[in-house]
Amino acid sequence: MENSCPKCGRKTSLSVCPECGARLTGQETKGKFAIAEETLEQFLNEPAFPQAEIEYYQEELPPQSTLYEEDEEDSILSEEKPELPEWLITRRFPKQYVQKRDSLKKSGFPVGFLSVLKWAFLLLSVAALYYIFADGRMYYQKILEAESTAMLVYCVAGAVGTMFSYLLVFFVTYGFWRLKEAGYYGWLVRILARSILLSLTLNWASGNDANHMAFLISLLFVVQAPFDLLVLWYLEKRRFIFSQKGELPEVTILSGGSLRVKATQGMRKRFCLYSLAYLASFIISLVIVYAAGAVIKA
């Protein structure tokens, strides 16, 4: 690159002017700075990637508007919260079986244990069909062989109590499967009367030994009481399914969308009363055992 001499004005590409011998170092440095600025400007103006690579990335990545729409849709769905079933808001549960079944399935109300009870009582109903005929023949034979009026009365009472307990199994099974009042109230009567019916039906079978009978009834009571009270607590919070008079429980929605059932104050009071009645039936059964044993021996 040629530079002009600051003294004589001659243009030369040398660092020293051939006319006057002046040094052209300043001009050379100035020219180098000009070249550097030109190179830097050219570098900044060129694209960072070749045009082919830009087109490749544009084909691979979706448009920015599409990504934004998907993110916005996901955020809207994540903000949606499950709602309580309509019948919990209106406090009016359906009356017909089909409506009850569909409402429970649609709302996700927890009734899984009720399905287990339905199948369990169905099996008990099948077994009850056999024992009705077997026990019926046995009681009939005992009534014919009764040696005293007290034994006759006791055998008749035992036969009636046994048949009644089997009929309760049928009522409970029907009520559980069809979501009728017989399901809840039949179960309630069954657990409250079980010990008393047992005291009427087993005393003669053990040789009229009151102590032995009291031991058997006490053992069965201790074994069955936890399960009976657990099912009673479960059904009390779902009594509205069987009866329109049943109080609706307090229901909250968990984070996963499932429903949590909580008993009301009225449900807790009724459960305490039923538990006391359950204990009282056991005490009454022991009284019957010892009283019947004393009368028959006399």
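Let me begin with helix α8, residues 181–201, which has a kink of about 50° centred on Ala 193. I should say at once that what you have in front of you is a predicted model, and everything I describe should be heard with that in mind. Helix α8 is largely enclosed by the rest of the structure, because 15 of its 21 residues are buried.

To place this helix in its setting, the protein contains eleven helices and four strands, and buried residues make up 33% of its 298 residues. If we take the contacts between residues at least 6 apart in sequence, 62% of them join residues at least 24 apart.

Just ahead of α8 there is a backbone detail that you may want to look at on the screen. In the loop between α7, residues 149–178, and α8 sits Leu 179, and this leucine has a positive phi of about 55° although it is not a glycine. Most residues other than glycine have a negative phi. Leu 179 counts as buried, with a relative accessibility of 7%.

Now to the partner of α8. Helix α9 covers residues 210–236, and its axis and that of α8 come within 10 Å and cross at roughly 170°; the two helices are therefore roughly antiparallel to each other. On the α8 side the contact includes Tyr 184, Trp 187, Leu 188 and Ile 191, as well as Arg 194 and Leu 198, while α9 contributes, among others, Met 213, Ile 217, Phe 221, Gln 224, Phe 227 and Asp 228. Sorted by character, the residues of this contact divide into 13 nonpolar, three polar and three charged.

Helix α9 has a kink too, of about 45°, which lies at Gln 224, shortly before the proline Pro 226. Gln 224 is also one of the residues through which α9 touches α8. Among the buried residues of α9 are Ala 210, Met 213, Ala 214, Ile 217 and Phe 221, and further along the helix Val 231, Leu 232, Tyr 234 and Leu 235, together with the charged residues Asp 228 and Glu 236.

That brings me to the charged pairs, and here I would ask: how many salt bridges does a search of the whole structure find? The search finds five, and I will go through three of them. In one, Arg 194 pairs with Asp 228, and the closest N and O atoms are 2.4 Å apart. Since Arg 194 lies in helix α8 and Asp 228 in helix α9, the pair ties together parts that are 34 residues apart in sequence. Are these two residues buried or exposed? Both Arg 194 and Asp 228 are buried, and both of them belong to the contact between the two helices that I described a moment ago.

Another of these salt bridges joins Arg 239 to Glu 236, with 3.7 Å between the closest N and O atoms, and here again both partners, Arg 239 and Glu 236, are buried. In a further one, the side chains of Arg 270 and Glu 247 meet at 3.0 Å, N to O. This pair links distant parts of the chain, given that Arg 270 is in helix α11, residues 265–297, and Glu 247 is in the loop between α10 and β3, 23 residues apart. Arg 270 is partly exposed, with a relative accessible area of 22%, and Glu 247, at 30% relative accessibility, also counts as partly exposed. Through salt bridges that share partners, Glu 236, Arg 239, Glu 247 and Arg 270 are joined into one network.

Let me finish with two places elsewhere in the chain. Leu 84 is found in the loop between α3 and α4 and is partly exposed, with a relative accessible area of 33%. Leaving aside residues up to four places away in sequence, Leu 84 touches Ile 89, Val 251, Ile 253 and Leu 259. The C-alpha atoms of Leu 84 and Phe 109 are separated by 10.0 Å, and these residues are 25 apart along the chain.

The other place is Cys 20, in the loop between β2 and α1, which counts as partly exposed at 38% relative accessibility. Cys 20 and Cys 5 are 15 residues apart in sequence, and their C-alpha atoms are 8.6 Å apart in space.

Conventions:
Residues are numbered from 1 along each chain as its sequence is written. This is a predicted model: local features need pLDDT of at least 70, side-chain atom pairs count only at pLDDT 80 or more; totals for chains, interfaces and linings use all residues. Side-chain values use heavy atoms; hydrogens and water are left out. The bend at a residue is the angle between axes fitted to the seven residues ending there and the seven starting there. Buried means under 20% relative accessible area, exposed over 50%, partly exposed in between (1.4 Å probe, protein chains only). Axes are lines fitted to C-alpha atoms, for helices over the stretch in contact, and angles run from 0 to 180 degrees between N-to-C directions. Angles under 35 degrees count as roughly parallel, over 145 as roughly antiparallel, 65 to 115 as roughly perpendicular and the rest as oblique. Contact means heavy atoms within 4.5 Å. A salt bridge is a side-chain nitrogen of Lys or Arg within 4 Å of a carboxyl oxygen of Asp or Glu.
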